[in-house]
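Hi,

Here is the structure I promised to pass on to you. Have a look at it first, and then read on for what turned up.

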Amino acid sequence: MGKVRRVDLVNLVMFFFSSQVEYWLSEVEDELIEKFGPIDYKSDMLDFEKYTLYYNKEMGEGVKGILLSFERLIHPYQLADIKNMTNEIEQRYAVKGNRRFNIDPGYIHHMQFVLATTKMWPHRIYIGKGIYAETTLMYINGRWKDYDFTYPNYKEEEYKRELEKIRLKYLEKRKKFLR
């Protein structure tokens, strides 16, 4: 029989994307900080539209995104609540049902990058409150490895490089926490 162990805390990450990223992030950044704590990393601007045009009708052309990392570590069980909070923020700023931005929360653990979603798919695990979790990338042999089902943007090296920067920040925070 396996022994139940203490679960590692993880690094909260959000991918914030829109056709007007800087504007909308400036509008909601204080609320994100109020709810989730200080932001300790913002990625370079990342192209998103080249991977999908799915959001263009809702948000307009030229969709780009920024990965955000939060200073405070979280327990993985909090992900469902966090996803519901970010959904509520998106809806509050929506116009006639169209979101102006999307906030995709997830977390980095030293071995994986996990995203939250409301959509069921065979490789996703239900974590409660209407939310599923997807292991989007795994960290193995010193690099991020994607899966067949990984979203196309997260298969790209520019995204993996940004996630690696956040992972290194997480490892430093984790060391302090484990002392």
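Let me begin with the charged pairs: the count comes to 16 salt bridges. Please keep in mind throughout that this is a predicted model.

One of these salt bridges joins the side chains of Glu-31 and Arg-92, at 2.4 Å from N to O. Glu-31 sits in helix H1 and Arg-92 in helix H3, so the pair links distant parts of the chain, 61 residues apart. How do the two partners compare in exposure, buried or partly exposed? Glu-31 counts as buried because its relative accessibility is 17%, under the 20% cut-off. Arg-92, with a relative accessible area of 42%, is partly exposed.

A second pair is Arg-124 with Glu-134, whose closest N and O atoms are 2.8 Å apart. Arg-124 lies in the loop between S6 and strand S7 (125–128), while Glu-134 belongs to strand S8, so this salt bridge ties together parts that are 10 residues apart in sequence. Both Arg-124 and Glu-134 are buried.

The third pair I would point you to is Lys-160 and Asp-146, with side chains that meet in a salt bridge of 2.6 Å, N to O. Here helix H5 (residues 157–178) provides Lys-160 and strand S9 (residues 143–146) provides Asp-146; the two are 14 residues apart, and the pair links distant parts of the chain. Lys-160 is buried at 6% relative accessible area, whereas Asp-146, at 22%, counts as partly exposed. There is also a network: salt bridges with shared partners join Glu-31, Lys-35, Glu-88 and Arg-92.

Now to the nonpolar side. The largest nonpolar core has 26 residues, and the members that touch the most others are Met-14, Phe-16, Leu-32, Leu-68 and Phe-70. At least two residues each come from strand S1 (10–18), helix H1 (21–36), strand S4 (64–74), helix H3 (79–93), strand S5 (102–109), strand S6 (112–117) and strand S8 (131–140). Which element supplies the largest share of this core? That is H1, with six residues.

Met-14 is a good residue to click on. Leaving aside neighbours within four places in sequence, its contacts include Leu-32, Phe-36, Leu-68, Phe-70, Ile-82 and Ile-103, and also Asp-104 and Pro-105. Separate from the largest core is a second one of 22 residues, with Tyr-41, Leu-46, Phe-48 and Phe-113 among them.

His-109 deserves a look too. This residue is in strand S5 and is buried, with a relative accessible area of 8%. Its side chain makes a polar contact of 2.9 Å with the side chain of Asp-8. Not counting residues up to four places away in sequence, His-109 touches Asp-8, Val-10, Trp-144 and Tyr-170.

Last, the largest pocket, which holds about 520 Å³ of space. Its lining is made up of 25 residues, and those nearest the centre are Tyr-55, Asn-102, Asp-104, Lys-119 and Tyr-151. S1, H3, S5, S6 and helix H4 (152–155) each give two or more residues to the lining. Which of the elements gives the most? H3 does, with four residues.

Happy browsing, and best wishes!

Technical notes. Residues numbered from 1 in each chain as written. Predicted model: local features only at pLDDT ≥ 70, side-chain atom pairs only at ≥ 80, totals over all residues. Heavy atoms only, no water. Core = buried A, V, L, I, M, F, W, Y, C linked by side-chain atoms within 4.5 Å. Buried < 20%, exposed > 50% of the residue type's maximum accessible area, 1.4 Å probe, protein only. Contact = heavy atoms within 4.5 Å. Salt bridge = Lys/Arg side-chain N within 4 Å of Asp/Glu carboxyl O. Polar contact = N/O pair within 3.5 Å; in protein donor to acceptor, adjacent residues only side chain to side chain. 1 Å grid on protein atoms, 1.4 Å probe; cavity = no way out; pocket = protein on both sides within 12 Å on 5 of 7 lines; lining within 4 Å. Points joined across faces, edges and corners; volume = space filled by probe spheres on them.
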